[in-house]
Amino acid sequence: MPVQAKHRFSVEDYYRMAEFGVLRPGARLELLDGQIIDMSPIGPAHAAVVKRLNECFSRLAQGRWLMAVQDPLRLDDHSEPEPDLMLLKRAPDFYASRHPLPEEVFLLIEVADATLEFDRDEKLPVYGGAGIAEVWIVNLADATVEVYREPHFAGYASRVILRAGDKAKPQGFPDVAVDVAELLKR
């Protein structure tokens, strides 16, 4: 009996489909482990948190990182997700010639409401397997920030949950602190 197999698209396939109109212009999509995923619409609470993160990290950057907001990240030949926010190593061309790679990411942040299970169960293992050093999931449903560190082939070895009253500090920049309550206020 033949085994059914899923076709895994490559990043090259993905771009070719967009170029030839197979994927409609402006569609909110991302490629994760060879699958083309429809991204959920961004609600007001989600958008507000992304704006707060953007403002906070812009103010604290002091030239130490570049910020990418909802930009592509080239994880491997079959994954190019678009995280909500990333702190990246500085590049003289601001990544004009290619998208950033895992080793160029100081911190990756996903803001999750309706996408919480997908972010935890699908994206997080892919980020860990690619070696992204640190991922935060801003969990809007539970009003927490989940901090993941120590990447390995199937995800992350360390998980810390932060709540109102706590400060989230990127591992690579311990002098930078994000107030969880301020980040999540409505």
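The following exercises, each with a worked solution, concern a predicted model.

**Exercise 1. The open sheet**

Determine the strand order of the open sheet of 6 strands, and identify which strands stand at the edges.

Solution. Begin with the order, which reads β3-β4-β5-β6-β7-β8, with mixed pairing. Next, consider the ends of that order: β3 (66-69) and β8 (155-162) each have a single partner strand, so one side of each lacks a neighbour in the sheet. Finally, consider the twist: on average, neighbouring strands of this sheet are turned by 20° against each other, direction ignored.

**Exercise 2. One strand pair and the packed helices**

Establish in which sense β4 and β5 pair, and which strands helix α2 and helix α3 meet.

Solution. Strand β4 (residues 85-88) pairs with strand β5 (residues 105-112) over 4 bridges in the antiparallel sense. Within β5, Leu107 is the residue opposite Leu87. Turning to the helices, α2 (residues 44-60) packs on the sheet and touches β3, β4, β5 and β6 (134-139). The direction of α2 makes about 155° with that of β5. Helix α3 (residues 116-130), in turn, lies across β5, β6, β7 (144-152) and β8, and runs at about 175° to β6.

**Exercise 3. The surroundings of Asp84**

Locate Asp84, decide whether it is buried or exposed, and state which backbone nitrogen its side chain reaches.

Solution. Asp84 belongs to the loop between β3 and β4. Asp84 is buried, yet has no salt bridge. The nearest side chain of opposite charge is that of Arg28, at 6.2 Å, whereas a salt bridge requires a side-chain nitrogen within 4 Å of a carboxyl oxygen. The side chain of Asp84 does, however, reach the backbone nitrogen of Val111 at 2.7 Å. Residues touched by Asp84 include His46, Val50, Ala68, Ile109 and Val111.

**Exercise 4. The surroundings of Val178**

Assign Val178 to a strand and classify it as buried or exposed.

Solution. Val178 is found in strand β10 (residues 178-179). Its relative accessible area is 4%; the limit for a buried residue is under 20%, and Val178 is therefore buried. Among the residues that Val178 touches are Cys56, Phe57, Trp136 and Leu183.

**Exercise 5. The hairpin**

Describe how β1 and β2 are joined, and find which residue in the turn has a positive phi.

Solution. Strand β1 (residues 29-32) and strand β2 (residues 35-38) run antiparallel and are joined by 4 bridges. Ile37 in β2 stands opposite Glu30. The two strands, β1 and β2, form a hairpin with 2 residues between them. In the turn, Asp33 has a positive phi of about 50°.

Conventions: Residues numbered from 1 in each chain as written. Predicted model: local features only at pLDDT ≥ 70, side-chain atom pairs only at ≥ 80, totals over all residues. Heavy atoms only, no water. Pairing = 2+ DSSP bridges. Axes fitted to C-alpha atoms, helices over the stretch in contact; angles between N-to-C directions. Contact = heavy atoms within 4.5 Å. Buried < 20%, exposed > 50% of the residue type's maximum accessible area, 1.4 Å probe, protein only. Lys, Arg positive; Asp, Glu negative; His and termini not counted. Polar contact = N/O pair within 3.5 Å; in protein donor to acceptor, adjacent residues only side chain to side chain. Lists of a residue's contacts leave out its neighbours within four places in sequence.
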